[in-house]
Amino acid sequence: MLITAGCSTSGPSRASTQSAAAQKDYARLSGTWRLTRAVVNGKPVPSSVARNTILITDHNTFRFPKESGVGTHPAGTFTVKPDTKPKQVDSIAEGGPHNGQLTRGIYEILDAAHKRACWGPPGGPRPTEFTSPPGSGRILQYWKKIGPVPSS
């Protein structure tokens, strides 16, 4: 099962035009993350698939460095909206079957090393809660930070 996850929005993203809250969240979200738990369309993802899913987030870009089992897109950009409840995130895919499509989600930074996100289907509505019931097309993800953004 190949489902890639991410978040994004197209267009220029300048630090000077972002709120202080957005700049803080981009900094906290940047790093190398391992998926610890996920539910796709109501079905739990096997732990063997989750632990092999690595996400690298660098400010407003994301990528999966190897073929991932659980995500929305292989790479892309994202925009956070930290002043909403729950916090919102929009993702634009770069490549893959959903190239250029908007995926809407919500996110929460649980602590310095843990975050969660819930994604609607590409082009679909934004989730309003962190759930992935059967038939929803949603992806619910829990991530653990395992390192900084790699230099390359």
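**Trp-143 and its neighbours**

I started at Trp-143 in this predicted model. Is the residue buried or exposed? Trp-143 has a relative accessibility of 2%, so I logged it as buried. I placed it in strand β11, which covers residues 139–147.

Next I searched the whole structure for aromatic pairs and got three. Phe-62 and Phe-64 make one of them, with an edge-to-face arrangement. Their centres are 6.5 Å apart and the planes stand at 80°. Phe-64 also pairs with Trp-143. That second pair is tilted, at 6.4 Å between centres and 45° between planes. I noted where the two partners sit: Phe-64 is in the loop between β5 (61–63) and β6 (70–71), while Trp-143 is in β11. The pair therefore ties together parts that are 79 residues apart in sequence.

I checked burial for the other two rings. Phe-62 counts as buried at 4% relative accessibility. Phe-64 is buried too, at 9%. I entered Phe-62, Phe-64 and Trp-143 as one aromatic cluster.

**Strand β11 and its partners**

I then followed β11 across the sheet. Which strands pair with it? Strand β2 (residues 31–40) pairs with β11 in the antiparallel sense, over eight bridges. In that pairing I found Val-40 opposite Ile-139 of β11. Strand β10 (residues 114–119) also runs antiparallel to β11, with six bridges. Here Lys-115 stands opposite Trp-143.

One reminder to myself: side chains in a regular strand alternate between the two faces of the sheet.

**Charges over rings**

I looked for charged ends above aromatic faces. Arg-37 lies over the face of Tyr-142, 4.0 Å from the ring centre. Arg-116 places its charged end over the ring of Phe-130, at 3.8 Å from the centre.

**Cores**

Trp-143 came up again when I listed the nonpolar cores. The largest core has 21 residues. Which members touch the most others? They are Leu-29, Leu-55, Phe-78, Val-80, Val-89, Tyr-107 and Trp-143. I traced the elements that give two or more residues to this core: α1 (20–29), β2, β7 (75–81), β9 (102–111), β10 and β11. Strand β2 supplies the largest share, four residues.

Another core lies apart from this one and holds six residues. Val-39, Cys-118, Leu-140 and Tyr-142 are among them. I cross-referenced Tyr-142 to the earlier entry, where Arg-37 lies over its face.

**Gln-18**

I turned to the loop between β1 (3–4) and α1, where Gln-18 is found. Gln-18 has a relative accessible area of 13%, so I put it down as buried. I took its C-alpha distance to Lys-81 and got 9.7 Å. The two residues are 63 positions apart in sequence.

**Backbone oddities**

Where is the cis peptide bond? I found it running from Lys-85 to Pro-86, with omega near -10°. Pro-86 belongs to the loop between β7 and β8 (87–93).

I also flagged positive phi values outside glycine. Asn-41 has phi near 55°. Asn-41 sits in the loop between β2 and β3 (43–44). Is it buried, partly exposed or exposed? I recorded Asn-41 as partly exposed, with a relative accessible area of 32%.

His-59 has a positive phi of about 55° as well, and is not a glycine. I located His-59 in the loop between β4 (54–58) and β5. His-59 is partly exposed, at 27% relative accessible area.

**Whole chain**

Last, I stepped back to the overall counts. How many helices and strands are there? I counted two helices and eleven strands. Along the sequence I read the pattern as β-α-β-β-α-β-β-β-β-β-β-β-β. Of the 152 residues, 44% are buried. I then looked at contacts with a separation of 6 or more; residues 24 or more positions apart account for 55% of these. The protein exposes about 7,400 Å². Carbon and sulfur atoms supply 53% of that area.

Notes: Residues numbered from 1 in each chain as written. Predicted model: local features only at pLDDT ≥ 70, side-chain atom pairs only at ≥ 80, totals over all residues. Heavy atoms only, no water. Buried < 20%, exposed > 50% of the residue type's maximum accessible area, 1.4 Å probe, protein only. Contact = heavy atoms within 4.5 Å. Areas by Shrake-Rupley, 256 points an atom, 1.4 Å probe, with all protein chains shown as cover. Phe/Tyr/Trp six-rings, centres within 6.5 Å; stacked < 30°, edge-to-face > 60°. Lys NZ or Arg CZ within 6 Å of the ring centre and 35° of its normal. Pairing = 2+ DSSP bridges. Core = buried A, V, L, I, M, F, W, Y, C linked by side-chain atoms within 4.5 Å.
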